[in-house]
Amino acid sequence: MRGEREFRKVRAHGAAVRDPLFTLRLTDYRPRYGEAWRPRALMGLVVSKKTLKRAVDRNRARRRVREALRTMPPELLPGGLPACRAIVMLNPGVLGVPFAELQAALARALVRGGGQLGRSGGKRGNRGGTGRVPSGVNAASFGTAAPGQESP
């Protein structure tokens, strides 16, 4: 992924899948403005300085996860990577875990997160409304009847 704007959209609207090694946030795939429709996985890797102090460790963690995603065995993800936009926020455990376990954890998270794609996650959809008509408002104007009233 490129640019702060894309990361902000995934953070605001994405479904979160937590794992001891990382946190995965993902949303549906949508092409960039003016781009042809080519469904694919667009991933962004984030490692904060607070999590891993040394730049060498941050770079190594990014390289390990990038390689784990690139060489994902087909038996872990039979359909391949889902078409999505995702952010992987890494934890320090990524550096010490065996490579096969890292791939298995990523595959589990992508399968769990892929099941949440298409649902309204994050702040989209109903913003906490109860679905009731406020008191003092004519319910007939909304086309629904308030409790205890009949619609015309």
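Let's start with Leu24: leaving aside residues up to four places away in sequence, Leu24 touches Ala15, Ala16, Val17, Ala86, Ile87, Val88, Ala109 and Leu110. Leu24 also belongs to the largest nonpolar core, where it is among the residues that touch the most other members. Please keep in mind that this is a predicted model. The protein chain holds three helices and four strands, and from the N terminus on these elements run α-β-β-β-α-β-α.

**The nonpolar core**
- The largest nonpolar core has 28 residues, and alongside Leu24 the members with the most contacts to other members are Phe22, Val65, Val88, Leu90, Leu102 and Leu106.
- Strand 2, strand 3 (41–46), helix 2, strand 4 (84–90) and helix 3 (99–116) each give two or more residues to this core.
- Helix 3 supplies the largest share of the core, with six residues.

**The hairpin of strands 1 and 2**
- Strand 1 and strand 2 form a hairpin, with three residues between them.
- Strand 1 and strand 2 (residues 22–28) pair in the antiparallel sense, over four bridges.
- One of the residues in strand 1 is Ala16, whose bridge partner in strand 2 is Arg25.
- Side chains alternate along strand 1 (residues 15–18): Ala15 and Val17 are buried and point to one face, whereas Ala16 and Arg18 point to the other face and are not buried.
- Ala15 and Val17, the buried pair of strand 1, are both among the residues that Leu24 touches.

**Helix 2 and its two sides**
- Helix 2 (residues 55–70) has 16 residues, and from its first C-alpha to its last it reaches 22 Å, close to the 22 Å expected at 1.5 Å a residue.
- Which residues of helix 2 are buried? They are Asp57, Arg58, Ala61, Arg64, Val65, Ala68 and Leu69.
- These buried residues lie on the same side of helix 2 because they cover an arc of only 130° around the axis.
- The general background is that an α-helix has 3.6 residues a turn, so residues three or four places apart point the same way.
- Val56 and Arg70, on the other side of helix 2, are exposed.
- Val65 appears in both pictures: it is buried in helix 2, and it is among the core residues that touch the most other members.

**The chain as a whole**
- Buried residues make up 36% of the 152 residues in the protein chain.
- Among contacts with a separation of 6 or more, 75% come from residues 24 or more positions apart.
- The protein chain exposes about 9,700 Å², and carbon and sulfur atoms supply 52% of that area.

Technical notes
Residues are numbered from 1 along each chain as its sequence is written. This is a predicted model: local features need pLDDT of at least 70, side-chain atom pairs count only at pLDDT 80 or more; totals for chains, interfaces and linings use all residues. Side-chain values use heavy atoms; hydrogens and water are left out. The expected span of a helix is 1.5 Å times one less than its number of residues. Buried means under 20% relative accessible area, exposed over 50%, partly exposed in between (1.4 Å probe, protein chains only). The arc is that of the directions from the helix axis to the C-beta atoms. Two strands pair if DSSP finds at least two bridges between them. A nonpolar core is a set of buried Ala, Val, Leu, Ile, Met, Phe, Trp, Tyr and Cys residues joined through side-chain atoms within 4.5 Å. Contact means heavy atoms within 4.5 Å. Accessible areas come from the Shrake-Rupley method with a 1.4 Å probe; for residues, only the protein chains shown count as cover.
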